[in-house]
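User: I'd like a close look at one strand in this model. Pick out its faces and its partners, please.

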Amino acid sequence: MSLTTRLLDLLAGGVQSNPDGGFWMPEAASTGAPAVDNLFHFILWLSVFFFALIVGLMVLFVVRYRRRAGREEPEPSPNHNVALEVTWTVIPLLLVFVIFVWGFKVFLDLNTPPANSYEVLVTGQKWKWLFTYPNGHVDENLHVPIDTPIRLVMTSEDVIHSFYVPAFRIKRDVVPGRYAKAWFRATKVGEYQVFCAEYCGTGHSDMGTHVVVHEPGGFERWMTEVADFLNKLPPAEAGERLFKARGCAQCHTVDGGASVGPTLKGVFGHAVTLADGKSVTADEDYVRESILEPQAKVVAGFQPVMPTYKGKLKDQEITAIAEYMKTLK
Amino acid sequence: MADKGTAASLVTGNALAGDNYLNHTKGLRSWLFTLDHKRIGVMYLVSILASFLLGGIFALLMRTSLLSPTKHIVSADTYNQMFTLHGAIMIFLFIIPGIPAALGNIVLPLMLGAKDVAFPRLNLASYYCWVAGAIFSLLSIVLGAVDTGWTFYTPYSTTTNTSVVAMTFGALILGFSSIFTGLNFIVTIHKLRPKGMGWFRMPLFVWGLYGTAIIQVLATPVLGITLLLLIVERTLGVGIFDPALGGDPVLYQHFFWFYSHPAVYIMILPAMGVISETVSVFSRKHIFGYKAIAFSSIAIAAISFLVWGHHMFVSGQSNLAGMIFSFLTFLVAIPSAIKVFNWVATMYKGAIRLDTPMLYVMSFLFLFGIGGLTGLFLGSLAVDVHLHDTYFVVAHFHYVMFGGTVIAFLGGLHYWWPKFTGRMYDEAWGRIAAVLVFVGFNATFFSQFVMGSKGMPRRYYNYLPEYQIYHQISTIGSFVMGIGFIIIAVYLIRSLIAGKPAPANPWGGATLEWQTTSPPPHDNFALSPEAGDPYDLEAFRWDAAVGGYVKKSDAAVAVG
């Protein structure tokens, strides 16, 4: 779209936010996004106008009033002009007031969830997001139905994180010791990036996940399938799913690669050297102990930083993870 | 130079051959224990430029690492330490003392026609506080480089195992250095103005320094207390900010920004002062709207204390607080806009000289224009939610602080360079470097606006491939800028040895510092000068025999 058509759209009050995001914005996929995009573009074109005015006048003056042979001296002009100065104070004041009121109004809408919202609990911790659904299912991705208001109630296990979905134009700091709240209503089926926007240490830039927006009925089908996977899938496959969903994969690789924690490739059934120099065989009991009391037997060469999963993983889940580890040869 | 004799210097006003502040006393001790504001200013200048070099090296390393989304030249932890060091060094060691303590120290007493600042010993103490603070801050690199970001947000900063205490203790001492300078300048401006200089006869650079000094004295103690509380929490385990100990991390953010937002104006106000001086001198025009510019400096200083909450729109503060801070933020934009309009109006019907300092003025108006206007996006609550903590903020901040303050600092450095070194730099190279820095800067940071509004969060070591093109443009731009700065360093250093001797008034400024020799004598002025209108530029005319400007009334005498 050319600049003039855009400006005309703007003047007509009919700026349609571009669902692809256009040059400046990411894809728009929530009811809140177009409201933010319209204001963004209003400020943008206002800024372009004032910038062109200032820089245009500056360039014009430099060209016209350049000191050159035959034009050594300035021409007389007043040192101040009350009418001009009042004008360039009052007009910007009125314009910023418009931006202020508009921004506040959209902000309130972005912060006021409808009463019938579907609630998901969000936990941020170094360096993963976990989503707990009303039925108790925990997932590493945020699955939601389309066209449904979703309310997020968020807590942090350690430092400050910030839950950010660019496609929804929402962001909220997740401060330890407080509940942070956010809401959105997705308008397009698809997968959207989630970032952590508040710096939280080594893995900050890898603390991403996805929002998966399902078509009508799709969310319910997905939930029925995943809610019971422990009983339906073979234990090793269920273990693999837990391994990814519960954040184990954030620190442990399964291909022998280096990470925060030791790789789990070829560990099960073999001897492991501990930080205190002793050696232990990695059997079911060792795996179970390492999950529930991670600091009890730390592998040599690694920091004792793993959090306990006591109360977070059920026995059946721990068994499944141990079964999965057996397959990592 | 000695063979040229004193006769030449009487005509041009160059004092390299005779007695000046640089050769008035000799030896290392005469510098280390000097109470001369010009020497202290020069020591500050050398020190902050060394800090700028160090901070710049970290920046270029980061940009190089970000060329690829996945392949890196450093580890994630090293990257985190580098952006922390880049920020902390640039903010606390370079840009806060940059214009006031280095250029301001050299120029302020000269502009007032005074022999020195009000408290010369306090001035030297300020410098050594800076040195001590710098040592503590940089010691942290050896003890375990801090990885918190320059904002030291809790509870990350109270739980990380890096040497946060050394770094914050360093920043605490640096705060004293800043307070001493501010206090000194307030008293100097109140008490040492010359005959004929009422408040509205002060050069606007002095107004800028005055506004800055007020903020330095009133806001810096809050930072000191905050960092002290952080140290107490870390070392003694007293719960103030850490929720695990019963504290509140958002309280830290309030305390931190209560200083650090006004601090942004500590950085920009003196820069605006430099622009007010140079735009007028190089347009050969009286400044337009003197009183409006002077009052807007004070308005900015006052309102800047009330806007800190706009750093916390997504922190969970109440909607009411968000609304009030957003409103006040828009209010503080107005005085800055007024200044910009006045500067452009000053150029109207002038006789504009496009020397290096004027190129920096134009560069400033372009870049600070973008920096200021993009602040409107961030001040607007709903839009800020999307842009907060993305590269958009990084770009906005650099357009204001680098495109504004650093560019004005460079303009001021070139403008006053002949005065305090007694030498002219190479004008052709000066213009080439100014253009390179301008082009490189825009490539580096404009691309960051786009990736930021597209969602790229800041302080990321890895990123999604869709952002790579913007990162690559940004990195190439930073290399161009780096080349520009190398050129500046080379021709400035070279000018110290081979530069043409500078006349007393090479640009035709009407402020008092141009009425003494270049470089000035130890006591600044042979006779206490009397101040007139600091922007009465038409009282001066170019004199080819002098190679500089002379007062029209004195011209006959000087040529004769």
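User: Which side chains along strand β5 of chain A are buried, and which are not?

Analyst: Quick housekeeping: this is a predicted model, with pLDDT of at least 70 needed for local features and 80 or more for side-chain atom pairs, while totals for chains, interfaces and linings use all residues. Residues count from 1 along each chain as its sequence is written, and chains are lettered from A and ligands numbered from 1 in the order in which they are written.

Now the strand. β5 covers residues 149-156 of chain A; helices (H or I, at least four residues) and strands (E, at least two) are DSSP runs numbered from the N terminus. On one face sit A:Ile150, A:Leu152, A:Met154 and A:Ser156, which are buried. A residue is buried if 20 or more other C-beta atoms, placed from the backbone, lie within 10 Å of its own. A:Pro149, A:Arg151, A:Val153 and A:Thr155 point to the other face and are not buried. Why the alternation? Because in a regular strand the side chains alternate between the two faces of the sheet.

As for partners, strands pair if DSSP finds at least two bridges between them. β5(A) pairs with strand β1 (residues 118-125) of chain A in the parallel sense, over 7 bridges. There, A:Met154 from the buried face has A:Val122 opposite. Strand β8 (residues 180-185) of chain A runs antiparallel to β5(A), joined by 6 bridges. In that pairing A:Arg151, which is not buried, stands opposite A:Trp183.

For context, chain A has 8 helices and 12 strands, and 31% of its 329 residues count as buried.

Terms used:
Buried ≥ 20, exposed ≤ 12 C-beta atoms within 10 Å, placed from the backbone.
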